[in-house]
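Visitor: Could you take me through one part of this model slowly? I would like a close look at a single chain and at how its partner meets it.

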There are 2 protein chains.
Amino acid sequence: MEVQVFSAAPIDMNEIIIKKDQDSSSKSVELVTDYLENYKYDNVLSYLKDIHNADIADILQNLDPVLRLSLLNIIDKDFDPEILTYLNDSVREEIIETLDIKQLANNAKSLDTDDVVDLAEDLEEKDQTIFLENLDKEERTLVEEGLMYPEDSAGRLMQRQFVAVNQSWNVGQAIDYLRNNKVKLPEDFYDIYLINNNQEAKGVVPLGKLMGSKREIELNSITNKELRLIDVNTDQEDVALLFNKYGLVSAPVINNKKKIIGSITVDDVVEVIEEEREEDILKLGGVDHTDLYESVISTTKSRISWLIVNLMTAVVASIVIGLFEAAIEKVVALAILMPIVASMGANAGTQTLTVAVRAIAVKELTTSNAIKIITKETLIGGINGIIFAIIISLISIYWFDNMLLGLIIGLAMILNLLIAGFSGIVIPLVLDKLKIDPALASAVILTTITDVFGFLSFLGLATLFLI
Amino acid sequence: MEVQVFSAAPIDMNEIIIKKDQDSSSKSVELVTDYLENYKYDNVLSYLKDIHNADIADILQNLDPVLRLSLLNIIDKDFDPEILTYLNDSVREEIIETLDIKQLANNAKSLDTDDVVDLAEDLEEKDQTIFLENLDKEERTLVEEGLMYPEDSAGRLMQRQFVAVNQSWNVGQAIDYLRNNKVKLPEDFYDIYLINNNQEAKGVVPLGKLMGSKREIELNSITNKELRLIDVNTDQEDVALLFNKYGLVSAPVINNKKKIIGSITVDDVVEVIEEEREEDILKLGGVDHTDLYESVISTTKSRISWLIVNLMTAVVASIVIGLFEAAIEKVVALAILMPIVASMGANAGTQTLTVAVRAIAVKELTTSNAIKIITKETLIGGINGIIFAIIISLISIYWFDNMLLGLIIGLAMILNLLIAGFSGIVIPLVLDKLKIDPALASAVILTTITDVFGFLSFLGLATLFLI
């Protein structure tokens, strides 16, 4: 029998070609649509049986609403609640309305606790009560506990099933224990945790090391070099940072008595990272959530508050311009040039802001190096200010044949980019200190400052020296 | 002996308190600084011996440059190359210059191939040659092969050590095999792969299932329901999507003959997700990379190209305003109000753009639903346009006591928000079709359009009807 264990042989580079077809999801939607339209319900069911719940969610999401309903009718009692965890909010809500909540609770028995918590937290209160009432008593207690932890905390994220054995055991004892408790094992686990007689966490043994060790080896001798414990109240973003920094696959969650009460695995963390990534990007773009499948009306509603804030700052900027009405009436070139200083300030400030928001999120920018980075960014603002002052001065002098106007716009540019650099870093730092998410509010405060100050400096200097 | 295996007992909620101290990194920097300044070199070494390489990298990054050099001198020959993989670019380059590349190659033997590839790809050509020459012959071949795969491909990401056994084996055979090949096992692995006699991938068995099964169980009967293979040329972002969607911890990488040539584990994917997240955020903010530790001059240089692009679009907007010089001279209120329409267009467009860029990245927005989403976003733009048209009309009429001016700015607002909604979704889609990263160029194209069209519509309508 020929078996290759470690591929160490050089491979032929010519062999390497194709990339997997990524648009397979739209093909399955077409296929299912076709089956449904032709009433081939058995084909649908046998097709769905072989694919992952994430793919079923994809199909549900992209089906025509009428066909979606008939698909749900066909699946009926066999609906796997895990599918719901893969759906976008709007489609999930729509589907839950058509489901029998009792049946759903019944089907949820196959899920890990953390997934059930995930599911329960998104149900409306009335549905949540029915759902919880119909779970097994033991599971219900665990789920209710999970729901008591703050949203986005390690407690919400952890699964309650984990494997922990006494630190005095050896490899053979651990393996036998696992084999004898097969039905109770969590669906996914990658480490076993060692505990002392007080159930305190004492070490982590990766399964790979366990597998590679003889039966008589002490578990204590094959633990990871470091033991990293996660307090149950830790924010999920900090959990993600920890997993990322140290390349963890799972970590024990402890209460304040250092007792292990759960386990977080990396697949949950990957989801958190994706979630936080989305959040940061969306907030910086002035959108509080995104759901491609949401209706026009509710999408419009969700966008409007941000636009109202923006309208107010735009009106404030206009009021500032209004202060210099007389100057603009005399020199119309001011009106033509004034957006340039404001726009450059907004852009330079946004660059700094983006770097700052990201550095705060990954904890690279902290109180200890804040002064250094503020100085650096203000300096960069100043240098860019000088460079672009020269360029815009030359352009303005050539355009309007007015030396003084060129000097004034140059000076305004330097001042505004200095302010932009300084504000770009100080605003998110201050917001972070005030426990306001820097990604959310920084951009609008920054552009208000750079707009107002951009118009103010340019038109103000012009009024002083030109008029 | 009391052993708790599955924590199913309800826990006391009062027990849950504290969150881990997150600012421990600045404390270690202070400690090491203190040791170094007082020449307590033995203390430094024994302190570093007990902490993770990621933490050592943190310390190096935040130390004063002079102390950093003396720390490197103290560590000297024992420098673990893995530390380099945790450093930001600028600090890494600085440190590599002080290191003996031969020694580094020698120390790299303890690393997994994928980490060595990671390290080698960042070295300058001259250093890379020396580095590769000083690796073991076998390792060198693997690393050189790794470097031949396209950047950001699965081939760069995969590790070459993995565990694959014949599909006809049973659990006992697999466990014995692992025990007998302990030294050759990869540092981290969570699944073993099943292969047929042609070395083609045939199944994945999670270690957890292997551990929970009796020795005589066939491996074939405990595989994951689905087998997901990654082509070696797949883009790393697609790999990340796959891991995230299906909650994978590891997956076999295959060549075009379906032979397994490597394995990607979730810790690498977490890094990719963080990397791509950073990239998207930075690009949308007009920054091409971020490195808090980079010098002022090189940071300024890296920011300037984006600002030049922005200056050009700002000048274009000014030229448009210049076309309406006569109108502004007559009605100075136009100059005061004109930034509002442009600014609202930019903001509404950015909202749509952000949603679109993100939906394209996660492949929710595809050719198959593009028309639907374009229609939806344009409609949202129209609705918001009408709402804000009414508000800004009322403000303008009240402010300038001019009914016609109010109607004109309202009409311009509707037109610009329609254009903004449409452009916000069409620009990233078109860029994506043209294989240009939508996150990079969308924002500047969008604001150019909304600025130019904002000024054009408002001042143009004013010239037609007001002057």
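Guide: Happily, and let us start with burial: of the 467 residues in chain A, 47% are buried, where buried is defined as having 20 or more other C-beta atoms, placed from the backbone, within 10 Å of the residue's own. Please keep in mind that this is a predicted model, in which local features need pLDDT of at least 70 and side-chain atom pairs count only at pLDDT 80 or more, while totals for chains, interfaces and linings use all residues. Residues are numbered from 1 along each chain as its sequence is written, and chains are lettered from A, with ligands numbered from 1, in the order in which they are written.

Chain A has 21 helices and 6 strands, taken as DSSP runs (H or I of at least four residues for helices, E of at least two for strands) numbered from the N terminus. Its C-alpha trace spans about 90 × 60 × 55 Å along the principal axes. The radius of gyration of chain A, over C-alpha atoms, is 30 Å, whereas a compact globule of 467 residues would have one near 23 Å; that rule is 2.2 Å times the number of residues to the power 0.38.

An automatic or database assignment divides chain A into domain 1 (23-148), domain 2 (164-265) and domain 3 (296-465). Between the C-alpha centres of domain 1 and domain 3 of chain A there are 48 Å.

Now for the partner: 141 residues of chain B are in contact with 141 residues of chain A, contact meaning C-beta atoms, placed from the backbone, within 7 Å. On the chain B side, helix H18 (residues 333-361) gives the most, with 16 residues.

Conventions: Contact = placed C-beta atoms within 7 Å. Buried ≥ 20, exposed ≤ 12 C-beta atoms within 10 Å, placed from the backbone.
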